[in-house]
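Here is a small set of exercises to work through with the structure open beside you. Try each task before you read its solution.

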Amino acid sequence: MNREDLANLIFPSITKTIEDYEKEYPPRNLPENAKVTRFAPSPTGFMHIGHFMPALIDYVLAHQSKGVFYLRNEDTDQTREVEGAVEYIRTVLATYGLNPDEYEYKDLKETKGEYGPYIQSERKEIYHAFIKHLIIEGKAYPCFLTQEEMDAIREAQSKDKRRIGIYGRYAKYRDLPVEEAIKRIESGEKFTIRLKSTGDFNHKFKFNDLAFGELEFPENDIDIPIMKSSNGLPTYHFAHLVDDHLMRTTHVVRGQEWISSIPVHYELFKAFDFKMPKYIHIPLILKKDGEKIRKISKRYDPEAKMSFYEEKGYPTYAVIEAIMTIANSNYETWREGHPDAPFTDFEFSPKKMSASGALFDLDKLDNISKNYLSHLTKEQIYKEVLNWSSKYDLEFNEILKKYPDYSMAIYNIEREQKKPRKDYSYYSEIKDKTWYMYDEYFYDINYDFKEYNLEEVKKVLKTYLDNDYFNESDTQEEWFNKIKEMTTNLGYASEVKMYKEDPTKYKGSIIDITNIMRISLTTLDNTPNLYNIMLILGKDRITERFNRILN
RNA sequence: GCGGUGUUGGUGAAGUGGUUAACACAUCAGGUUUUCAUCCUGACAUUCAUGGGUUCGAAUCCCAUACGCCGUACCA
C-alpha cells in the first residue's frame with residue numbers, strides 16, 4: 001500500500017487533479033499591471049472598521065489599475081456563521097459604493113465572475129483535490145492527535161517555556177507508516193490533515209511586504225492543520241493558498257494581525273510551487289482606553305462597527321475620506337489639490353502607509369464631515385436627512401416630508417456663500433440643531449431667560465409686537481434698524497461699542513435685546529442669524545411665540 | 001515563554017545627515033459679528049521612547065535598553 005491508496009481512502013470521490021483546476025481557472029486576461037484584489041470576510045454578521053479599511057484599499061487598488069475586485073465568502077467556520085451576514089456585507093459595500101466585480105449572492109441567486117464558486121463551503125472538492133495531491137506527494141498526512149493530547153502537549157510546552165505547536169517530535173503521526181494510517185482511518189478514527197513541514201525554525205528567510213518593506217522570519221516548522229476533522233473544510237491558511245491562487249489574486253490586503261502567518265503561507269505556496277501574491281499588511285486601528293492603547297474592539301467601542309456611522313448619519317463620503325487619510329498619509333494633501341475628484345483617482349501607495357497602528361480620531365471625522373456637509377446644496381442636505389431619518393427617526397421623517405421647502409430654507413441659512421456655515425457633522429445632529437423651528441416640537445417649553453427678568457422680557461416682546469416691527473419683506477438692514485430703534489427707545493445701547501464705553505448709561509446693549517427675542521423664539525441663546533430664523537418662522541409664528549410668553 | 005513588528009506634540013502625520021521639525025484635526029487666546037457657527041490673527045514638540053556611539057553636524061546611520069502592539073486554535 002502506498003500514499004496514493006491513503007489519499008484515495010480519504011478522498012474516494014475526488015478525481016480531478018490540481019492540473020485540471022489549473023486549466024479550469026487560467027490566468028486572467030487583464031491589462032498589464034492590473035491588480036486582482038479580494039474582500040474575504042467571514043460571515044459573522046457585522047462589519048468592523050478593521051475589515052472595511054482593507055476592503056476600501058482593495059477597491060481602490062483594483063479600480064485604478066483596471067483590475068478586478070471580488071468578494072469571497074470565507075465560511076469555513078460554520079459555528080460562527082450568522083444568517084444574513086453576506087447580505088449585510090453586500091449592503092455595507094453598496095452603501096459606500098464599493099461594489100465587487102465578482103461575487104456570489106445566494107439569497108439573490110446571483111453570481112458574477114468566472115473564478116467561482118466564491119463561497120468557500122462550496123469549494124470543498126477543490127480543496128480536497130489539492131490536499132489529496134499533497135498527501136500523494138508525501139507533503140501532508142493524517143494526524144490522529146486528540147484534542148486532549150494536543151492540550152497536554154501545549155501545556156507541557158508552555159511549562160517548559162518551549163514554542164507551542166505540533167512540530168518536530170511533537171508531530172507524533174507525521175511518520176506513521178501508510179498501512180497504519182489506513183488501518184486507523186478504516187476503523188473510523190477521527191483525524192485532521194496536517195502539512196508535513198520541511199521548514200527549519202533556525203533558518204530565516206526574507207519576505208517583502210508592500211507596506212512594511214523587507215521583513216525577516218524564521219521558517220515555519222509547525223505541521224499546521226490544513227483540513228479540519230470537524231467538517232472536512234480547510235483552515236484559513238489552506239483556503240487562502242488555494243483560493244487566491246486559483247482566483248488569480250495578485251494583491252492580498254489584510255490586517256497586520258496576519259503578518260505572523262507569513263511563514264506558514266510562504267511554505268504552503270512553496271509546497272505547490274505557486275507564485276505568491278503580493279501582500280499589503282495594513283496597520284491596525286487602535287483605540288485609546290484611558291492610558292492604555294489597544295486594538296479597537298466591536299465589543300467596547302461603538303465606532304468599531306460600520307453600523308455606528310450609518311446610525312449616526314455620517315455621510316459615506318466623510319467616512320471614506322477619514323479612512324483614506326489614515327491609510328495613506330499624503331491623501332489629505334492630494335485632496336486639497338483635487339477637491340472634487342473621486343477618491344479612486346488618488347494613487348494609493350502601500351509604501352506610504354504607516355507601519356504603526358493608528359488611533360481613529362472621531363474629531364477628525366467630524367471635521368471632514370462638517371466641511372463636506374457645508375458644501376452641499378439645501379436640496380442635497382434635505383434629501384440626505386430624509387433618507388437617514390426614514391431609517392432612524394420616523395417621527396422626524398414625517399415632519400420633514402410635511403415641510404420640504406420650510407426645511408430646506410432652514411438648511412439654507414448662510415449656506416449659499418463662499419464660506420458657508422458649518423453646523424452639522426452628521427445627519428442625526430440636524431434635528432438637535434433645528435427642532436425649534438418646527439411647531440410639532442415646540443410645545444411644553446421651559447424658557448430660561450438667564451439674567452433677564454421676565455418683566456423686562458415681556459416689555460421687549462410687547463414693544464416689538466405693538467410697533468408691528470416685523471415685516472417679511474424687510475431686508476436684513478431694515479429689520480435690524482427697527483430693532484436698533486426699539487433698543488434705543490427702551491434705554492439700551494444700539495451699538496455694542498457704545499455700551500462698552502460707558503455701561504452705566506444704559507440698561508444693556510442690543511445684544512440683550514436680540515438675545516431676549518432669540519430665547520423667546522427658540523429657547524436657545526445661540527442659533528443661526530436671528531433675521532434668517534425670523535424670516536423662516538414667519539410673522540404668525542413669531543407673534544404666536546411672543547404671545548405665549550406675554551400671556 | 002517564543003516569534004514578529006513598531007515608537008516624531010492630545011490625534012493623524014511630513015521628514016531618509018545641515019529645515020525656525022511641514023500640514024491637518026483638537027485645544028487655548030485675541031479680533032469680526034445681534035448670539036452661535038463661519039471667518040481672520042496668534043499660541044501650541046528647543047525636541048523626535050531612553051542611553052551610548054559614528055560625524056564638523058543626527059529625528060534621520062550604528063549598538064544596547066525600555067515600552068507598546070500583533071501572533072502563538074480543527075477562528076478567520
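**Exercise 1. The β7–β8 hairpin**

Task: In this predicted model, find how many residues lie between β7 and β8 in their hairpin, and work out which side chains of β7 are buried.

Solution:
- Step 1. Start with the connection: three residues sit between β7 and β8, and the two strands form a hairpin.
- Step 2. Look at the pairing. β7 (residues 204–209) runs antiparallel to β8 (residues 213–218), and six bridges join them.
- Step 3. Pick one pair as a check: Lys-206 has Glu-216 in β8 as its bridge partner.
- Step 4. Recall the general pattern: side chains in a regular strand point alternately to the two faces of the sheet.
- Step 5. Apply it to β7. Phe-205, Phe-207 and Asp-209 point to one face and are buried. Lys-204, Lys-206 and Asn-208 point to the other face and are not buried.

**Exercise 2. A strand covered on both faces**

Task: Determine which residues of β1 are buried on each of its faces, and name the residue in β2 that stands opposite Arg-38.

Solution:
- Step 1. Sort the residues of β1 (36–39) by side: Val-36 and Arg-38 belong to one, Thr-37 and Phe-39 to the other.
- Step 2. Check burial. All four are buried, and both faces of β1 are covered.
- Step 3. Turn to the neighbour: β1 pairs with β2 (residues 68–71) in the parallel sense, over four bridges.
- Step 4. Read across from Arg-38, and you arrive at Tyr-70 in β2.

**Exercise 3. An open sheet and its edges**

Task: Give the strand order of the open three-stranded sheet, and explain why β5 and β9 each have one side without a neighbour.

Solution:
- Step 1. The order is β5-β6-β9, and the pairing is antiparallel.
- Step 2. β5 (140–143) and β9 (225–227) stand at the edges with a single partner strand each, so one side of each has no neighbour in the sheet.
- Step 3. Neighbouring strands in this sheet are turned against each other by 45° on average, ignoring direction.
- Step 4. Now zoom in on one pair. β5 and β6 (residues 192–195) run antiparallel and are joined by four bridges. Within this pair, Tyr-141 is opposite Arg-194 in β6.

**Exercise 4. Helix α14, its length and its buried side**

Task: Test whether the end-to-end distance of α14 agrees with its number of residues, then find what covers its buried residues.

Solution:
- Step 1. α14 (residues 378–392) has 15 residues, and at 1.5 Å a residue it should span 21 Å. Its end C-alpha atoms are 21 Å apart, so the two agree.
- Step 2. List the buried residues of α14: Ile-381, Tyr-382, Val-385, Trp-388 and Ser-389.
- Step 3. These residues cover an arc of only 140° around the axis, which places them on the same side of α14.
- Step 4. Their cover includes α10 (306–312), α13 (362–374), α15 (394–402), α16 (404–411) and α17 (427–434).
- Step 5. Take Tyr-382 as an example. Its relative accessible area is 10%, so it is buried. Its contacts beyond four places in sequence are Leu-400, Lys-401, Pro-404, Ser-407, Met-408 and Tyr-411.

**Exercise 5. Buried or exposed?**

Task: Classify Gln-120, Asn-515 and Glu-416 as buried or exposed.

Solution:
- Step 1. The cut-offs are under 20% relative accessible area for buried and over 50% for exposed.
- Step 2. Gln-120 sits in the loop between β4 (110–112) and α5 (124–136). At 1%, Gln-120 is buried. Residues touching Gln-120 include Arg-72, Asp-75, Tyr-127 and Asp-243.
- Step 3. Asn-515 belongs to helix α21 (residues 510–522) and, at 16%, is buried. Asn-515 touches Tyr-452 and Asp-525, leaving aside residues up to four places away in sequence.
- Step 4. Glu-416 lies in the loop between α16 and α17. With 62% relative accessibility, Glu-416 counts as exposed.

**Exercise 6. Helix α8**

Task: Find how many residues of α8 are buried.

Solution:
- Step 1. In α8 (residues 236–246), eleven of eleven residues are buried. Among them are Tyr-236, His-240 and Leu-246.
- Step 2. Continue just past α8, where Arg-248 has a positive phi of about 55°.

Definitions and conventions. Residues numbered from 1 in each chain as written. Chains lettered and ligands numbered in written order. Predicted model: local features only at pLDDT ≥ 70, side-chain atom pairs only at ≥ 80, totals over all residues. Heavy atoms only, no water. Expected span 1.5 Å × (residues − 1). Buried < 20%, exposed > 50% of the residue type's maximum accessible area, 1.4 Å probe, protein only. Arc of directions from axis to C-beta. Contact = heavy atoms within 4.5 Å. Pairing = 2+ DSSP bridges. Axes fitted to C-alpha atoms, helices over the stretch in contact; angles between N-to-C directions.
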